[in-house]
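Take a first look at the model below. The report that follows starts with one local detail and then widens the view.

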Amino acid sequence: MLENLEQLKLKFNHELNLVETRDELEKIRVAFLGKKGLVTEELKNLRNLSGEDKKTAGMQVNKLKNEIEQAIVSYQTVIEEKEYQKEIESAECYDYSIPSENEAGTLHPITIVQRQIEDIFKTMGFIIEDGLEVQTEYNNFEAVNIPKNHPARDMQDTYYLENGQILKTHTSAAQNTIMRKYGAPKPGEPLKVLFPGRCFRNENIDASHENTFFQLEGMMIGDDISISNLIYFMKVLLSEVFKRDVKVRLRPGFFPFVEPGFELDINCAICGGDGCPTCKNSGWLELLPCGMIHPNVLRMGGIDPDRYTGFAFGLGLTRLAMMKYNIKDIRLFNSGNLKQLKQFTN
Ligand code: PHE
């Protein structure tokens, strides 16, 4: 009998060492201490003994039973710890210090330049307005002094919708709506508005022509607004964008909605004015058409031209972005080519 108990003890220790889970531990408990367990059987076997033998054997079996019970209880905590550890190892873990694979997007080069100019003008008290892309012929042409059959319409052929509306050919299409929205300026409070927008023209596309491009237009209307105001704001705009004091020159230019009208050229940044292929050897780059708002346009906008004057300019935003970033092909802007477009950061 004693030998048997010794073997049972060895067997138990051996099996306990192999246990990995709570279920396995429970199986061992049943196998040794359960109703038909090995130790329980030994207890039953005591029936066959008598006297002193029964007493010693009984003590031995109970001792083994206690040892096994103890061992199972203390092993329980070991197992729990093991299982917990396993759970941690298999759980999803997050390491916030690992660089993300998802790249943040970048701003389109046109958006960067647009925002930069908006910021400059906001500090000078300009309001930013949004114009419609689908416009009436009236707003796009008539309201800016380009009546039906005027030859200036030829230069701005565009896309006509079935309902007679058109895709706007220039940001000037918003002039009339804006004048009507804000009305005649109060004394000492000129109306100062900036309205960037997407424009469309029926163009044969090549490196410098697109059917979809961006302009940024500005208007200032009030008492005694003159060409000097116009030149001042244009110089601030250009020197902030190009980060240097730029030389400008005004040439006469014709646009039906301004009188007088100008083409504002800037001194070529590439050659410093000596002449190079970029400026076609003239030393000047044509950048900013502008002028004093035509009395007809003010009148159609509900503003008395005998009382108020104003200037307007129409900056080619796409063109400016090309110059600023030295982009040679206008088609890049609408290409969706992220590899190239994301290179522009400021
Ligand atoms: N709207 C003109 C164009 O697209 C530009 C312009 C705007 C000229 C304002 C003068 C004043 O060609």
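Pro260 sits in strand E7, which covers residues 258-267. This is a predicted model. The peptide bond between Glu259 and Pro260 is cis. Its omega is about -5°. A second backbone detail concerns Asn145. Its phi is near 70°, a positive value in a residue that is not glycine. Asn145 belongs to the loop between helix H6 (137-140) and strand E3 (166-167). Most residues other than glycine have a negative phi, and most peptide bonds are trans.

**The chain as a whole**

Two domains divide the chain: domain 1 (2-90) and domain 2 (109-341). Their centres, taken over C-alpha atoms, are 92 Å apart. The C-alpha trace spans about 135 × 45 × 45 Å along its principal axes. The radius of gyration of the chain is 44 Å. For a compact globule of 346 residues, a value near 20 Å would be expected. The secondary structure consists of 11 helices and 9 strands.

**The sheet**

Strands of a sheet pair through backbone hydrogen bonds, either parallel or antiparallel. Here, 7 strands make up an open sheet with mixed pairing. The order is E1-E4-E5-E9-E8-E7-E6. Which strands stand at the edges? They are strand E1 (127-128) and strand E6 (248-252). Each has a single partner strand, so one side of each lacks a neighbour in the sheet. Strand E7, the home of Pro260, comes between E8 and E6 in the order.

Strand E4 (residues 191-200) and E5 run antiparallel. They are joined by 10 bridges. Lys192 has Met220 in E5 as its bridge partner.

**The ligand site**

How many residues surround the ligand? There are 14, and the closest are His170, Ser172, Arg201, Gln215 and Phe257. For three of these residues, the table gives the distance from a polar side-chain atom to a ligand atom.

| Residue | Ligand atom | Distance |
|---|---|---|
| His170 | nitrogen | 3.0 Å |
| Ser172 | nitrogen | 2.9 Å |
| Gln215 | oxygen | 2.8 Å |

Taken alone, the ligand exposes 330 Å². The protein buries 94% of that area. Which elements give two or more residues to the shell around the ligand? They are strand E5 (212-222), strand E8 (284-293) and strand E9 (309-316). E9 gives the most, with 3 residues. E5, E9 and E8 follow one another in the order of the sheet.

What classes of residue make up the shell? It has 7 nonpolar, 5 polar and 2 charged residues.

**In brief**

The chain has two domains, with centres 92 Å apart. The open sheet has 7 strands, and E9 is the element that gives the most residues to the shell around the ligand. The protein buries 94% of the area that the ligand exposes when taken alone.

Note on methods
Residues numbered from 1 in each chain as written. Predicted model: local features only at pLDDT ≥ 70, side-chain atom pairs only at ≥ 80, totals over all residues. Heavy atoms only, no water. Domains from an automatic or database assignment. Near = heavy atom within 4 Å. Polar contact = N/O pair within 3.5 Å; in protein donor to acceptor, adjacent residues only side chain to side chain. Areas by Shrake-Rupley, 256 points an atom, 1.4 Å probe, with all protein chains shown as cover. Helix = DSSP H or I, 4+ residues; strand = E, 2+ residues; numbered from the N terminus. Nonpolar A, V, L, I, M, F, W, Y, C, P; charged D, E, K, R; others polar. Pairing = 2+ DSSP bridges. Rg over C-alpha atoms; globule rule 2.2 N^0.38 Å.
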